[in-house]
Amino acid sequence: AVFPPQLSVDALLEIASPTLWTVDLSPHTQLARLAQEQGQRYLIALPLGEANARVGLVVLCGQEQSIRPFRLEHWRIISQFLSTLIQLSYQTRHLEKELSIQSRENSIHRRLLNAIQEGVILLNQEQCVLFMNGAAETILGYTFAEATNQSVQNFLISERDLSPAIQNTLQGTSRNQIRSVRLYRRSGQSFLADIQLIPLRIDQKVNGIAILIQDRTEQESLLKQSLRMEQRAVLGEFTALFAHEARNPINNITANLQWMAMNLAEDDPNQAIIQRIQQNCERLNDLMDTILTYNRISEMEMEILDIKSLMKKVLDRQSIHLQQANIQVNYEASEKIPSIKGNRRALERVFANLIDNAYQVMKENGGNLSVKIRLSPKSEDSQEWLEISIADSGPGIAEEYKEKLFKESFTTKSNGTGIGLIICHKIIQAHKGTIDYESIPGGTVFLVRLPLMTASEPSLPVQE
């Protein structure tokens with residue numbers, strides 16, 4: 001009630017330093033006059049802030065007969081103390097704001113470091129780990145909690161001594177790059193990596209190092225795969241050339257054997273030898289055909305095929321052998337079987353091989369061969385399939401052979417090459433289809449699934 005709610009600027013600016021007025025003195029400021037008018041016996045005014053940067057004013061007044069025995073110098077100290085408190089309060093609030101911003105930025109930086117695929121390790125001048133991102137944890141096999149404040153030499157283990165490079169970087173040398181160095185994971189497994197050492201400077205002084213680790217395991221694997229593919233391509237060209245060149249002498253040998261057989265009597269004992277040599281020549285020719293087929297799988301030209309007509313031709317060609325072996329053929333095909341996109345020669349080879357395998361297991365005792373063609377229900381991806389099943393009533397596939405089908409070269413035939421089913425598998429894969437089997441004692445069923453053409457596929461010439 002002594003002072004109005006708001007004072008004029010002039011009244012505030014009059015107080016340049018701590019002042020003390022009592023009722024015994026003449027008032028020299030507006031504040032003192034106001035205090036006198038209101039019956040106050042003393043007034044103390046303490047400006048806050050620096051001389052040229054006032055931030056406030058503390059005024060004390062009262063009606064007591066006497067004030068506390070504080071001299072003006074004491075009030076000046078109190079004024080300075082209060083100003084310091086206010087200044088510290090402002091600084092604290094400012095620092096808290098900066099700390100919040102810095103904490104948010106650090107959080108963003110950590111998230112970015114954890115998001116990159118390269119391993120990142122931050123070291124101080126003592127070469128101890130300050131930070132390790134998730135990629136570095138995965139690459140090396142150690143957690144950040146285990147590595148923090150520990151020497152990097154305990155975690156970054158290499159076939160080469162990395163200490164000189166780290167020391168040179170700490171001395172201010174520009175970033176060092178170490179390529180194709182072999183590091184070791186926690187499990188002891190080695191891997192190829194590229195390392196970058198980057199000095200971290202603050203105020204033109206190196207305070208630490210950032211180590212970037214790029215795991216080249218995948219790149220090394222892709223390189224090896226590329227080299228294998230290149231070697232296979234070269235080998236494929238060589239084997240194709242060899243197959244073509246080998247046919248000529250084989251055909252010459254076959255022709256000469258036929259001429260020799262014609263000039264010998266039918267009961268001549270050499271006829272049996274000639275026949276065995278001819279059988280071996282036929283086997284070599286079949287092997288050459290197999291090699292050429294294998295190499296041409298990736299170059300197959302696709303056309304529109306009538307699978308029912310194709311299967312009928314394959315069965316007709318083998319009907320004599322099947323009848324002679326007392327094998328009954330049951331051929332079933334749905335009425336409306338749409339055309340498919342495929343290579344006629346390759347698919348003929350697949351079906352002929354599967355039928356021949358069935359013939360081989362039943363030729364001694366006869367049996368039943370069942371060939372069925374039908375549409376299968378739509379799959380989850382709405383793809384429609386054509387199913388061709390070839391079943392025999394043979395003894396089934398022995399357990400020791402089941403793991404080898406479509407994977408390894410093996411045969412139970414005395415004159416087989418052992419790669420027929422592998423080629424069948426490759427051909428069906430090239431047609432984006434599948435081939436599988438089920439076998440029990442008393443029969444085996446091979447199931448070939450080929451995708452039907454979709455409306456979006458470009459039209460192809462119909463193959464007769």
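Select Asn326 to begin: in this predicted model, Asn326 comes after helix α9 and has a positive phi, near 60 degrees.

From there, step back along the chain and select residues 307-324, the helix α9 itself. Its 18 residues reach 26 Å from the first C-alpha to the last, which is close to the 26 Å expected at 1.5 Å a residue. Even so, a kink of about 50 degrees can be found in α9, and Gln318 is the residue on which the kink is centred. Gln318 also belongs to the buried residues of α9, together with Ile307, Leu310, Met311, Val314, Leu315 and Leu322. At the start of the helix, display the side chain of Asp306, one oxygen of which comes to within 3.2 Å of the backbone nitrogen of Lys308.

Next, bring up what α9 packs on. Select the open sheet of 5 strands, whose order is β11-β13-β14-β16-β15 and whose pairing is mixed. Its edges are formed by β11 (327-333) and β15 (434-440), each of which pairs on one side only, and from one strand to the next the twist averages 15 degrees. Helix α9 packs on this sheet by touching β11, β13, β14 (385-392) and β16 (443-451), and the direction of α9 makes about 175 degrees with that of β11.

Finally, keep β11 in view and add β13, residues 367-376: the two strands pair in the parallel sense over 7 bridges. To look at an individual pairing, select Gln328 and then Asn368, its bridge partner in β13.

Methods:
Residues are numbered from 1 along each chain as its sequence is written. This is a predicted model: local features need pLDDT of at least 70, side-chain atom pairs count only at pLDDT 80 or more; totals for chains, interfaces and linings use all residues. Side-chain values use heavy atoms; hydrogens and water are left out. Two strands pair if DSSP finds at least two bridges between them. Helices (H or I, at least four residues) and strands (E, at least two) are DSSP runs, numbered from the N terminus. Axes are lines fitted to C-alpha atoms, for helices over the stretch in contact, and angles run from 0 to 180 degrees between N-to-C directions. Contact means heavy atoms within 4.5 Å. The expected span of a helix is 1.5 Å times one less than its number of residues. The bend at a residue is the angle between axes fitted to the seven residues ending there and the seven starting there. Buried means under 20% relative accessible area, exposed over 50%, partly exposed in between (1.4 Å probe, protein chains only). A polar contact is a pair of N or O atoms within 3.5 Å; within protein, one must be able to donate a hydrogen and the other to accept it, and residues adjacent in sequence count only if both atoms are side-chain atoms.
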